[in-house]
Amino acid sequence: MEINTKPVVQIALAIITAFGFAAFFNNAPTFPFALVTGAAPIGAYIAIGVLTLTTWLFAAYAKERVCLHMCPWPRFQAALLDRESLVVTYQKWRGEPRGKKRAELRPELNNFDALIREATSLDAGRGDCIDCQRCVNVCPTGIDIRDGLQMGCIGCGLCVDACDDVMTKIDRPIGLIRFDVEGSERAGSFKRAPVSFVRPKTLLYALLCLGALTAIIVGVLRMESVLVDIDPQRGQPFVQLSDGSVRNDFSFRLAHRLPELKEVTIHAEGLPGATLRFADAETGHEQVALLLAGDRRVSDRLLISTPPGQAPSGRANIRIVVSDPATGKTLGEVDTYFWGPAR
Ligand code: SF4
Ligand code: SF4
């Protein structure tokens with residue numbers, strides 16, 4: 001029994017693509033293990049499932065419909081091109097009038113250097129195009145490049161190869177469909193026009209690319225190694241406990257890319273006598289420690305309390321400081337508020 005391996009390969013590629021996307025938003029080195037052991041976030045499984053399914057459906061069934069109706073690239077491409085751009089061109093000057101091979105060839109086409117551009121008719125003989133339709137049949141987006149460059153052309157060059165095969169078989173020079181500048185098509189020559197790379201549009205694109213590259217390099221160099229995010233939790237701004245102390249709850253998130261960072265300490269400034277604890281701790285302290293144990297991303301509920309009678313009246317500015325106990329270095333500071341009962 002013959003096994004059709006095509007869908008298996010397609011689905012495998014779709015899974016790899018989806019995994020690559022999901023890994024971008026997770027800790028890539030540990031992500032595969034977390035996925036296999038079920039420790040990855042539920043969103044990662046959903047993202048991989050949805051992306052695998054859509055990638056496979058698009059690649060296996062929608063195919064060129066994606067290029068024609070969904071991909072925004074052809075719209076950009078049309079705006080990026082100019083008269084000197086290297087595109088797939090049908091050399092109309094030598095191809096027309098198209099006709100079956102049994103029709104006689106236009107006499108001037110036997111001179112390869114001919115630049116003769118006289119109007120010809122079927123009576124005077126056919127052009128080099130024998131209207132075999134191979135260029136149309138091989139085109140993944142189903143367009144006829146002989147009608148001129150179209151938005152659906154993805155520049156794959158399959159029509160170029162197909163037509164070159166045909167030209168070789170009928171003993172005509174290759175290049176009836178070729179990568180060329182549109183200007184060359186107008187000139188009508190068997191030789192390709194020289195391409196000028198230095199043009200206003202190419203200079204502009206080079207400048208834009210250089211600007212984008214510079215922005216990326218500067219962004220990466222300035223990127224923080226530790227990101228700390230602390231926000232007051234939704235709901236009531238404070239809780240007054242039975243012993244008279246006042247507590248505010250915060251959501252605490254830390255992400256870092258320092259392999260040597262094993263532990264951080266957190267304390268609050270601007271709130272005399274305040275104690276801190278994470279949700280699962282029984283008692284608070286002036287400074288709390290958080291073990292990272294290899295985790296690059298931690299989130300927890302941070303509870304800050306003031307002793308009885310020492311809560312501010314209304315809103316007070318505080319600063320929460322995250323430090324590395326091994327070096328004493330401050331890793332992050334977040335300015336936020338602490339709320340107490342108005343007096
Ligand atoms: S493959 Fe070449 S010869 Fe055949 S139809 Fe297309 S352009 Fe004409
Ligand atoms: S280059 Fe590719 S997409 Fe464009 S017309 Fe030729 S076969 Fe079609």
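**Domains, sheet and ligand shells of a predicted model**

The protein is divided into domain 1 (6-62), domain 2 (81-187), domain 3 (197-221) and domain 4 (226-340), with bounds that come from an automatic or database domain assignment. This is a predicted model, in which local features need pLDDT of at least 70 and side-chain atom pairs count only at pLDDT 80 or more, while totals for chains, interfaces and linings use all residues. Residues are numbered from 1 along each chain as its sequence is written, and chains are lettered from A and ligands numbered from 1 in the order in which they are written.

Trainee: What distance separates the centres of domain 1 and domain 4?

Mentor: The bounds to use are 6-62 for domain 1 and 226-340 for domain 4. Taken over C-alpha atoms, the separation of their centres is 36 Å.

Trainee: Is the protein spread out or a compact globule, and what is its radius of gyration?

Mentor: The secondary structure comes to ten helices and eleven strands, where helices (H or I, at least four residues) and strands (E, at least two) are DSSP runs numbered from the N terminus. For 343 residues the globule rule, 2.2 Å times the number of residues to the power 0.38, gives 20 Å, and the protein is well over this, so it is more spread out than a compact globule. Taken over C-alpha atoms, the radius of gyration is 34 Å.

Trainee: Which strands stand at the edges of the open sheet of four strands?

Mentor: The order in this sheet is β8-β6-β10-β11, with antiparallel pairing, and two strands pair if DSSP finds at least two bridges between them. Each edge strand has a single partner strand, so one side of each is left without a neighbour in the sheet; these strands are β8 (287-291) and β11 (329-340).

Trainee: Which residue in β10 stands opposite A268?

Mentor: Strand β6 (residues 263-269) and strand β10 (residues 314-324) run antiparallel and are joined by five bridges. The residue of β10 opposite A268 is I320.

Trainee: Which element gives the most to the shell around ligand 1?

Mentor: There are 15 residues around ligand 1, of which C129, C132, R134, C135 and C163 come nearest; a residue counts as near if its C-beta atom, placed from the backbone, lies within 6 Å. The elements that give two or more residues are α7 (134-138) and α8 (158-169). With three residues, the element that gives the most is α8.

Trainee: Which residues come nearest to ligand 2?

Mentor: Around ligand 2 there are 14 residues. The nearest are C139, I145, C153, C156 and C159.
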